[in-house]
Amino acid sequence: MKRTWKSISVLLVVMLVTALMAACSDSSGGSSKVSVGIVLPTKDEPRWVQDEQRFKDALSDSKYTTEILFSQGSSAKEKENVETLLNKGIEVLIITPHDGAAAASAVEAAKKEGVTVISYDRLITNTDAVDYYVTFDSVAVGAAQGQYLIDNSEGKDVPLYLYAGASSDNNAFLFFEGAWSVLQPKISDGTFKIANSSEAEKLKDKAELTRDEMGKILGQVTTNWDPNEAKNKAQTHLTAAGADLKGDVAVLAPNDGTARSIADVFGTDGDISSFLVTGQDAEKASIQYVIDGKQSMTVFKDVRTLVKDAMGIAVEILDGKTPETTGAYDNGNKEVKAKQTDVIVVDQENVKKELIDSEYYEASEFTGL
Ligand code: BGC
């Protein structure tokens, strides 16, 4: 008899837990209903962990519920994340695609459910299923990197090493376009000589490149946004380079993660007397590199503003209003209404003012300030 009671109570507990779990995963508006779903590309890069933190800070007093998922560099995982959020009843999806074209099917699924889609930082291409785009001025990021190399190089025939982001990311093209717009005239007039791309060399007299032409250069100098790939490429390039491509050199590195690993490689080559190297994102590790003189500059993209703009649009939608935008981006299928934010160039001169005095980071997070 005692045993029977025990079995019955175990059964009751199991039934209760099952019922509770069912209530929690109720997609029709139960306790776990999420209003805004946020999908970010990877936790492996500090840039996106930074965005996650800034979203959390901004959301702490929001009346709407949100959930943030990471796709870990996989379009399949990204699609799965979107489906998970759709099952939780989201009305707005904020998404940074891992691969801008491959993400189309995920957002099309969201659109079918009547969800408003906001492309965050990276544009989703070749689909109608994107409603808004919040972004930094990515062409200006590339132009600032190129201009920094121009302003800080001396003499003629300075070897110029080019690196770029992943071809699956529309931003990689925008950054390169911006950089090329200022560097090309300086390659043409002999200030710089291209050190590591025969495709760029072929196109050096062309002021404006088509996407296909940029694609050819990216094909040779892409880092895929991967610091390891950047390191390997830099090593290969320096091994192949003759004495005329060493000495005082300039390096266009697309972001901070790749800049640090490229800087580490250039810093250990005995035939490189000095190098300038660009970056972007103001990652903490790169701020330390800038302070230490190991990375020349970074482009500070204030993620707080991007988060504010994305959540601002989301809340307007949830409140039944029409969000204001400031421009539009062509994604290959439509003109996507966009809100764009400016960027700030940071080097040793202004690092304290822009990142510490502005309270973006704390002084105690760095040494030698
Ligand atoms: C972002 C950069 C980032 C890069 C790699 C780009 O789309 O705009 O801030 O460094 O992706 O994740």
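A polar contact is a pair of N or O atoms within 3.5 Å. The exercises below apply to a predicted model.

**Exercise 1.** Find which residues surround the ligand most closely, and list polar contacts to its oxygen atoms.

Solution.
- Step 1: The ligand is surrounded by 13 residues, of which Glu45, Arg47, Asp121, Asp169 and Asp281 are the closest.
- Step 2: From an oxygen atom of the ligand to a polar side-chain atom of Asp169 the distance is 2.6 Å, within the 3.5 Å cut-off.
- Step 3: A side-chain N or O atom of Asn255 lies 2.9 Å from an oxygen atom of the ligand.
- Step 4: For Lys301, the distance from a side-chain N or O atom to a ligand oxygen atom is 2.9 Å.
- Step 5: The ligand alone exposes 310 Å², and the protein buries 100% of that area.

**Exercise 2.** Determine the strand order of the open sheet, and explain why S7 and S9 each have one side without a neighbour.

Solution.
- Step 1: The sheet has four strands, ordered S7-S6-S8-S9, with parallel pairing.
- Step 2: S7 (192-194) and S9 (272-277) are the edge strands; each has a single partner, so one side of each lacks a neighbour in the sheet.
- Step 3: Neighbouring strands are turned by 35° against each other on average, ignoring direction.
- Step 4: S6 (residues 158-162) is joined to S7 by three bridges, and Val158 has Phe192 as its bridge partner in S7.
- Step 5: Helix H5 (residues 138-152) packs on the sheet and touches S6, S7, S8 and S9, its direction making about 165° with that of S8.

**Exercise 3.** Classify Arg260 as buried or exposed.

Solution.
- Step 1: Arg260 is part of helix H10 (residues 256-267).
- Step 2: Its relative accessibility is 15%, and the limit for buried is under 20%; Arg260 therefore counts as buried.
- Step 3: Residues touched by Arg260 include Glu283, Tyr289 and Gln295.

Technical notes: Residues numbered from 1 in each chain as written. Predicted model: local features only at pLDDT ≥ 70, side-chain atom pairs only at ≥ 80, totals over all residues. Heavy atoms only, no water. Pairing = 2+ DSSP bridges. Helix = DSSP H or I, 4+ residues; strand = E, 2+ residues; numbered from the N terminus. Axes fitted to C-alpha atoms, helices over the stretch in contact; angles between N-to-C directions. Contact = heavy atoms within 4.5 Å. Buried < 20%, exposed > 50% of the residue type's maximum accessible area, 1.4 Å probe, protein only. Near = heavy atom within 4 Å. Polar contact = N/O pair within 3.5 Å; in protein donor to acceptor, adjacent residues only side chain to side chain. Areas by Shrake-Rupley, 256 points an atom, 1.4 Å probe, with all protein chains shown as cover. Lists of a residue's contacts leave out its neighbours within four places in sequence.
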